[in-house]
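Q: Please take me through this structure by asking, term by term, what earns each label its place.

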Amino acid sequence: MGGSSSQTVGYKYFAGLQVVLGNCIEQILNINPDNRGWILSDKTSQDILKEGDVSISFDKTNLFGGDKAEGGWAGTIDIHTGRPENLRQNEYLAEHDSDLVSSFPYLSYLVFRGDSLDKGFHLVSMSGMLKEVLYWPKRTRIKDDGSEQWFKLTATETLSIIVCEIFARVHSIFDESRIGTAADSVVNWIEYLNNVAGENQETFISKEIVRDGIISQGSGGKVWYGSLDRDVYKSASTFVSMQVLSDLKGIVDIEVTIMTYGEKTTVDVSGFSVEEVEKNLAPNGYENHIVIRGLASVGAKISVKSTATGVITVNPVTPTDYLGNTVDIVSKNIRSGDYSEESYPDINPIHQIREIITNDTAMNKPESMINDNNFKSAATRIWEEGLGVSGAFTEKSCKEAIDELLYHIEAGIRVNRQTGLYEIILFRDDLLDLDNAQLFDESNIKSESFNIETANIDDVINSVNVNYYDRDNIKDSSFSLDELGSILSNQPNAETLDFPYFMNRRNAELVGNWKLKQLSTPTRKGSFKTGKYDARKINRYDVVKLTWHNQNMIEVPIRIMKIGLGDGRDNTVTLDWVEVIPYSSTVFPTINVDPPTSVVLPPQPNQSIAFEMPYFEAVQRFGQTQVDAELANNPDLGYLVVATKKPQNNSINALLYTDSGTGYQQASIVDYCPVATLDQTIGYLDTTFAVKNVANISQAEVGTLILCEDELMVYQGYDPETKVLTVKRAALDTHPKPHSQDAVFYFYDAFNAFDTEQYVLSEVINSKVLTTTPSGIQDLASAPVLSLEINARPIRPYPPANIKLNDVYFPQSIVVSNDVVVTWVDRNRIQQTGGSILGWTEGGVAKETGVTYSIELSSEGVVLDEASSIGGTTHTFESSLLIPNKPHKIKLWSLRDGYESLKIFEHSFFGESVSLILAATVDANEVVGSTVPDANITVNVDESLTANMKFDGSSISGTAEAGATITIEVEE
């Protein structure tokens, strides 16, 4: 016997590779080679990637199908973010390029290398062609030079507007008599120490022997801790301190008015990130005004000290937002879901717009031209709404890029005509300050200049097709939104909305609904001239109110889109306007998404069968000359073959892994074969039968092989209406056998996979078939084991076919008084390699040279007779060998050069002791017959009989017409 052998089927390709991404990034979120899915999805990889400049090792040699196909990835990827604080020279580049290779500051790139510096990265196998790779970098919290974004938001920063009225307690440290009054009952005491004689006031101040007010959230957004003011008449330092009891994220304005008779007033802030402190101190210190602005967190203290003698009055602040609009709510937070940095990796579009304006590679405007408070307000609101974006701007002007971003968030940008600063205006219903909006009507509009255009209701858009990018599924996606009321009353009128920078359906649906609301509502627009002086203070996108009675417009909110200031001779102001349509306060129903007809599943277990390759299949694969030569050299060889049923729609193929004792190795790629499932029980010779669960049967050619359990059949046809399959039974070296319902038919002939390694007789091979999908490969450990023992199938002669006993296929019983004549026809392994494949019941062919037959008759394990070296196609067992009322078994097989046929024909029958057929005597009136005593009689009566036969065990009587035939079977 020879040993296993293998063949060289291809080559592995290794290379070192540097891939440049661009400017600085924070980290690589994931990598997707050849659309095979994100390969860094496990938590360990994600935790490593958070560190930025890291090295990731890969052992995914089956990513593209394994070594028998296009290989996979194995090696290390060095990730360089380009951030100045992480700069390092890449050792692999230095080793293979130059010791002086740059660390490439401000440039993000990846280096593909082997696990050691002297080896390249395993990129592919077989083809040598590099695969396309999708990289997912993250740069949302830093600028492209690696520095932090100008305004940092975190997941807890959801309180964009702090709107509480603030009061503070003022207490003189020497005025103990006024401690504990009724007015103090709601004051929060942080610390109080009794006055100790002899300690100077500075010591007391350092010990904070003061009364403290509180910044907190009360009912209705107001805080009423402490009294409004407290007069201090003693000559001592006065101290106001406020403690923050809840997170104050966003810009907080605290306004304090100090009435003093001196000039020494200071501001002390502990635990408070001060952004701006304004001190407007009167020359004589008579009314000093201080404004503190910054970010506060729990426990922060804001203190105002004055060393002068006098009165400190802390006035309540009128709560306003960043645009100066008065507000009356504690906080605004319309976000839903988890928007932490991990689950919300997108960039805030306000950050991106600001970067385009100020970046030296873009508009290069100075930071001083940005209205920081305005941009921070907009950034906070967009954060609350969760409208992050991702994408790359290519071949666009700065204006185009900014306009696209504004389109995604329903906003506008302007340069304020009074300040000369860039401002973002968010078009939101709750940001409209209609109470303070200017009013224009017939009294201040030149009537001859008033123009109005009303949209035709038939022209409104009532349906939109929304396009966005589905990051989870790595593809462009779309859905539609409809204004059903408008569609029912008018013809559908659709428009396409493109949101290429939205990475999820939620954002695209939210803004799509906003835009549809505006598009489907008939609106008015126009222009007018006014001589109103305050009109010159209006900026683009400001909202004013318009009254024009003959147009039935009463204080209608309109947004100013364009402003003309006249030519010097005419000082009237021309305002182009459009009616404001409320939309952001509307609650839109969420689209009910039907479950997809094709669910994207991870790799699912498949249904496979493993078997040894027949000689016929080997000839089809390798050619008869090569097969015969290999068998002459190693007659005990055998090949493992698998056939697999497709488990899911998104799987193109599977991978065959085999283990002969040294561990599983990939052996081949498996193409899924057409299949069908038996819908009934069938016997030895049924050739037409009902099937179910038919899949891809149209791909199978008539005349090809089918494997059901261990019987080979030949496909003859399939009727899709009746679901009836027609086959030839027991082809090549197999015998027919019964099959139960739900047995699977594998149309494997053109769709099988095999292991190229040549195994030998008696070797046991374990194999697994792993399902592949674009998102990954089935886990090797979870796949079921298919075990196969090699039987040297290709060298073995074919068994005889068309076997009959006494000219009957598979008889259930034979009378022991009769000889048993066994007949068969020859089959030829060498000859049957082309043309139509023979079925079991078809005629014989010339016998293969050297083939003889052996036959055996036995009963209950005892051999009754046997013969070998039979050259013909028949053999007779004499009746004397049979045992009455006992089971018998006949075995018949082929033999050549010491090799028996793979299949041995075996059939069992029952030996019947006596069977007597009597012909009765019939006349015109009666039928008379006789039988042996105590016999069991079965009477088969011709239908022409006019009377039933009667028998009592010893006689039979009855009436029949002349010429009728009566058969009586007598059994002992």
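A: A starting point is the definition of the elements: helices (H or I, at least four residues) and strands (E, at least two) are DSSP runs, numbered from the N terminus. Strand β5 covers residues 73–80, and D78 is in it. The model is a predicted one, in which local features need pLDDT of at least 70 and side-chain atom pairs count only at pLDDT 80 or more, while totals for chains, interfaces and linings use all residues. Residues are numbered from 1 along each chain as its sequence is written, and side-chain values use heavy atoms, with hydrogens and water left out.

Q: Why is D78 called buried?
A: Buried means under 20% relative accessible area, exposed means over 50%, and partly exposed lies in between (1.4 Å probe, protein chains only). D78 has a relative accessible area of 4%, and therefore counts as buried. In the protein as a whole, 47% of the 972 residues count as buried.

Q: What makes the approaches of the D78 side chain to S55 and to R113 polar contacts?
A: A polar contact is a pair of N or O atoms within 3.5 Å; within protein, one must be able to donate a hydrogen and the other to accept it, and residues adjacent in sequence count only if both atoms are side-chain atoms. The side chains of D78 and S55 are joined at 2.6 Å, and the side chain of D78 meets that of R113 at 2.7 Å. Contact in the general sense means heavy atoms within 4.5 Å, and, leaving aside neighbours within four places in sequence, D78 is in contact with V54, S55, N90, Y109, L110, V111 and R113.

Q: How do you know that helix α4 is largely enclosed by the rest of the structure?
A: Ten of the ten residues of α4 (residues 349–358) are buried, so the helix is largely enclosed. These buried residues, among them H351, R354 and E355, pack against α5 (372–385), α6 (398–409), β16 (411–415) and β17 (422–426). At the start of α4, a side-chain oxygen of N348 reaches to within 3.0 Å of the backbone nitrogen of I350.

Q: Why is α9 called oblique to α10?
A: Axes are lines fitted to C-alpha atoms, for helices over the stretch in contact, and angles run from 0 to 180 degrees between N-to-C directions. Angles under 35 degrees count as roughly parallel, over 145 as roughly antiparallel, 65 to 115 as roughly perpendicular and the rest as oblique. Helices α9 (residues 615–622) and α10 (residues 624–633) pack at an angle of about 120°, with their axes 7 Å apart, which makes α9 oblique to α10. In the contact, Y615, A618, V619 and F622 of α9 meet Q624, Q626, V627, D628 and L631 of α10.

Q: What makes the phi of K723 and of E860 worth singling out?
A: Most residues other than glycine have a negative phi. K723, which is not a glycine, has a positive phi of about 60°, and E860, also a residue other than glycine, has a positive phi near 50°. K723 is in the loop between β35 (711–719) and β36 (724–728), whereas E860 lies in the loop between β46 (852–859) and β47 (862–870).

Q: Are K723 and E860 partly exposed or exposed?
A: With a relative accessible area of 40%, K723 is partly exposed, whereas E860, at 58% relative accessibility, counts as exposed.
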